[in-house]
Amino acid sequence: MEQPPSSPPPPAAATATAAPTPTPAPSSAPIILSDSPPAAAAGEPALTAAQKALRSKPARAPEDPDKKNKKLKDVEISFPIVYGTISFWLGKKASEYNSHKWTVYIRSATNEDLSVIVKRVVFQLHPSFTNPTRVVEQPPFELSESGWGEFEIAITLYFHSDVCEKRLDLFHQLKLYPEEDAGPQSTKKPVVVETYDEVVFPEPTEAFFLRVQNHPAATVPRLPPGITLSSPGPMELMPHDKKRFDTKDHSLSQWFSNFSEADELLKLAAARQQVQAHIAKLRRQLSMIEGMPQQSRVISGPGQQFGHG
């Protein structure tokens, strides 16, 4: 679609007529943190005999403030994510430059709370929008707008400090119009385009591992032999942890694609039960037919098919 004369020319990526193949999310790089304790200050006074005696007595060692930054070797934590857009045609309310209302978002593949790892999300819209750089610092990580043109949206994820110091850049093509084989536009059926990916955090810190090991959105492996975690003290909740921010009750959740392996397994199990029940029913019918007297069985021969004599 051409932009109106008053709008600035679209970027090269926005002029493409067909949506590009979604770009897979790259795995984040390991966090480089120093495991070494801070060096002693120069000119530190020597310990007295009394201090040495106290130091030699069995006592609970003070907690190392750097222990939370200890990295777990040969361990990876992954979070399945989904990012995409849902667009609704406005029907009779549509105008030349305002034909669709749409929402761009990033969510957990299982609709759990992603704010356990994501600190904020930046959505970069087409420059013709007022304030095209939108920052969302609270879940759900999404924004809604209206317009008439399709363009590429840049989505940048920033993580909490104990998760990863590097940002993650994603790109998604906004699609407003259905494919030809999908039928005409409808105000009741939106155009949904979603991309599934997994964000992998290699060598997570001990603090990060302890914080998400029981989180439903995380895929956390068993620790390799030889790795033991310190006894977790009272965990400090982040502001976003004080309230649940999943997308299970989202107003658009009925249109979300299902990427959950558990849900797929449940569907397969239900289908298998239906097939087994149907097979059992056919076997009962067959055994009843085989148990009937010979003369009562209906056998169709030449000239007797379909009730003809």
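The following passage describes the secondary structure, nonpolar core and open sheet of a predicted protein model. Local features were restricted to pLDDT of at least 70 and side-chain atom pairs to pLDDT 80 or more, whereas totals for chains, interfaces and linings use all residues. Residues are numbered from 1 along each chain as its sequence is written, and side-chain values use heavy atoms, with hydrogens and water left out.

The protein contains three helices and eight strands, taken as DSSP runs (H or I, at least four residues; E, at least two) numbered from the N terminus. Their order from the N terminus is α-β-β-β-β-β-β-β-β-α-α. Of the 309 residues, 32% are buried (under 20% relative accessible area, 1.4 Å probe, protein chains only). Among contacts (heavy atoms within 4.5 Å) with a separation of 6 or more, 73% join residues 24 or more positions apart.

The largest nonpolar core (buried Ala, Val, Leu, Ile, Met, Phe, Trp, Tyr and Cys residues joined through side-chain atoms within 4.5 Å) has 38 residues, of which Phe79, Trp102, Ile117 and Phe159 touch the most other members. Elements that each supply at least two residues of this core include strand S1 (76-89), strand S8 (191-202) and helix H2 (206-212). Beyond its neighbours within four places in sequence, Ile117 contacts Phe79, Tyr158, Phe159, His160, Val163, Phe201 and Phe208.

An open antiparallel sheet is formed by four strands in the order S4-S3-S6-S7, where pairing requires at least two DSSP bridges between two strands. Strand S4 (133-136) and S7 are the edge strands, each pairing on one side only. Four bridges connect S3 and S4 in the antiparallel sense, and Val122 stands opposite Val135 in S4.

Methods: Buried means under 20% relative accessible area, exposed over 50%, partly exposed in between (1.4 Å probe, protein chains only).
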